[in-house]
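Here are my notes for anyone opening this structure for the first time. Have a look at it, then read the points in order.

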Amino acid sequence: MGLYDREYMQQDDRDKYSSGRRLMWQLIAINLLMYFFVASPGSAAYNYLALHADKWSADTLFQVVTYGFLHANFSHILSNMYGLYLFGSIAAPVLGGKKFLTLYMSGILVSSLVFYIINFGQASSLIGASGAICAVTIAAAMVDPEKKFIMIFMPFTPIKISTMVVCYTLLNFLLALADRPQDPTSYLAHLAGFAAGYLVMKLFNKDVVRWDPLKFTKKAKSTPPPHEKEKTGKKNFNSNDAGPVSNAELDALLDKVSKEGINSLSDYELSRLRRAREEMRGGK
């Protein structure tokens with residue numbers, strides 16, 4: 001029995017969690033199917049579905065969506081799908097399937113719009129889900145800013161997702177300003193994805209936003225994401241406020257660890273797990 005099958009979890013939150021994760025995996029599957037079976041790099045379908053700045057017409061309007069499901073090579077799709085899994089696992093359960101799809105598609109559409117504005121009439125093409133992944137990444141940071149990751153290029157230094165988003169956004173901004181004619185990456189599309197994700201979260205998902213990257217002086221809220229709250233009758237509480245860890249709660253936490261790994265636990269859930277350990281050792 002999974003964490004959100006427990007009777008002490010709210011039904012709406014369970015529905016959000018399951019529909020969000022299901023939609024995330026469906027998007028990953030669609031991207032993989034497109035890459036391996038429908039529009040592999042260099043194929044006629046690949047060229048037909050890509051977004052071309054010099055071929056705008058009503059007959060090719062579908063390309064503002066289809067380009068986002070194409071990838072140039074295996075490393076390209078691997079990095080994007082890993083990003084979708086890593087950050088989607090945070091944002092999707094909080095938003096639910098429908099809102100997560102809106103977030104994802106907003107990244108694709110806004111990125112295509114910016115690409116057209118900048119490159120209209122030029123022999124330039126756009127492919128890849130990077131804009132959508134950037135939208136998902138900033139959404140994940142806004143719902144769980146204290147979540148930490150160990151990055152490949154910083155293997156021994158955990159970094160908060162909020163810090164990572166700020167650094168990555170600044171990096172894309174600097175690269176967009178640089179004159180790099182041999183670099184095919186559309187850094188402006190990445191920035192457009194970040195902007196789209198931010199606006200979707202601020203306009204339509206205010207209730208789950210715990211960190212605003214444009215309010216630098218405002219400290220991130222320490223409350224757990226909505227889908228991790230228990231039925232305590234309180235909206236804001238910490239681990240101690242929730243009282244002793246029950247056997248059912250401990251069972252749920254261990255069940256989640258076994259299914260999704262220790263990194264799937266939020267700071268709040270980790271604090272509850274530590275409290276359970278202290279209680280078993282005779283602590284208060």
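1. A word on terms before anything else: a residue is called buried when its relative accessible area is under 20%, exposed when it is over 50%, and partly exposed in between. Going by that cut-off, both D144 and R210 are buried. Keep that pair in mind, since it comes back below. Also bear in mind that what you see is a predicted model.

2. Start with the overall layout. The chain contains 10 helices and 4 strands. Reading from the N terminus, the order of elements is α-α-β-α-α-α-β-α-β-β-α-α-α-α. There are 284 residues in the chain, and buried ones make up 49% of them. As for the outside, the chain has an accessible surface of about 15,200 Å², and carbon and sulfur atoms hold 61% of that.

3. How much of the contact set links residues that lie 24 or more positions apart? If you take the contacts in the chain with a separation of 6 or more, such residues account for 70%.

4. Next, find helix 6, which covers residues 130–143. Its 14 residues span 20 Å from the first C-alpha to the last, close to the 20 Å expected at 1.5 Å a residue. Is this helix enclosed or open? Of its 14 residues, 14 are buried, so helix 6 is largely enclosed by the rest of the structure.

5. Helix 6 matters again when you turn to the inside of the model. The largest nonpolar core has 58 residues, and those touching the most other members are L84, F87, F100, L103, Y104, I161 and M201. Two or more core residues come from each of helix 1 (11–38), helix 2 (44–49), helix 4 (74–95), helix 5 (97–119), helix 6, helix 7 (161–177) and helix 8 (187–204). Helix 6 gives the most, with 11 residues.

6. L84 is a good residue to click on. Leaving out residues up to four places away in sequence, L84 touches M24, L27, I28, S89, F100, Y104, I133 and V136.

7. L23 is another one to try. L23 sits in helix 1 and is buried, with a relative accessible area of 12%. Beyond its neighbours within four places in sequence, L23 contacts G97, F100 and L101. How far is the C-alpha of L23 from that of A92? The two are separated by 7.8 Å, although their positions lie 69 residues apart along the chain.

8. For a look at helix 5, pick S106, which belongs to that helix. S106 counts as buried, at 13% relative accessibility. Not counting residues up to four places away in sequence, S106 touches A196 and V200.

9. Now the charged pairs: a search of the whole structure turns up 3 salt bridges. One of them joins D144 to R210, with the closest N and O atoms 3.2 Å apart. D144 is in the loop between helix 6 and strand 3 (148–150), while R210 is in the loop between helix 8 and helix 9 (247–260), so this pair ties together parts that are 66 residues apart in sequence.

10. E146 and K160 also meet in a salt bridge, at 3.6 Å from N to O. E146 lies in the loop between helix 6 and strand 3 and K160 in strand 4 (residues 158–160), so the parts they tie together are 14 residues apart in sequence. E146 is partly exposed at 25% relative accessible area, and K160 is partly exposed at 27%.

11. D212 and K202 make a salt bridge too, at 3.0 Å from N to O. D212 is in the loop between helix 8 and helix 9 and K202 is in helix 8, so this pair ties together parts 10 residues apart in sequence. Here D212 counts as buried, at 7% relative accessibility, whereas K202 counts as partly exposed, at 23%.

12. Last, turn to the surface. L32, L33, F36, F37, V38, F74 and L78 form a nonpolar patch there, with about 730 Å² of accessible area together. Helix 1 and helix 4 are the elements that give two or more residues to the patch. Helix 1 gives the most, with 5 residues, and L78 has its place in helix 4.

Conventions
Residues numbered from 1 in each chain as written. Predicted model: local features only at pLDDT ≥ 70, side-chain atom pairs only at ≥ 80, totals over all residues. Heavy atoms only, no water. Expected span 1.5 Å × (residues − 1). Buried < 20%, exposed > 50% of the residue type's maximum accessible area, 1.4 Å probe, protein only. Core = buried A, V, L, I, M, F, W, Y, C linked by side-chain atoms within 4.5 Å. Contact = heavy atoms within 4.5 Å. Patch = residues over 30% accessible without salt bridge, like charges linked within 9 Å, V, L, I, M, F, W, Y side chains within 5 Å. Areas by Shrake-Rupley, 256 points an atom, 1.4 Å probe, with all protein chains shown as cover. Salt bridge = Lys/Arg side-chain N within 4 Å of Asp/Glu carboxyl O.
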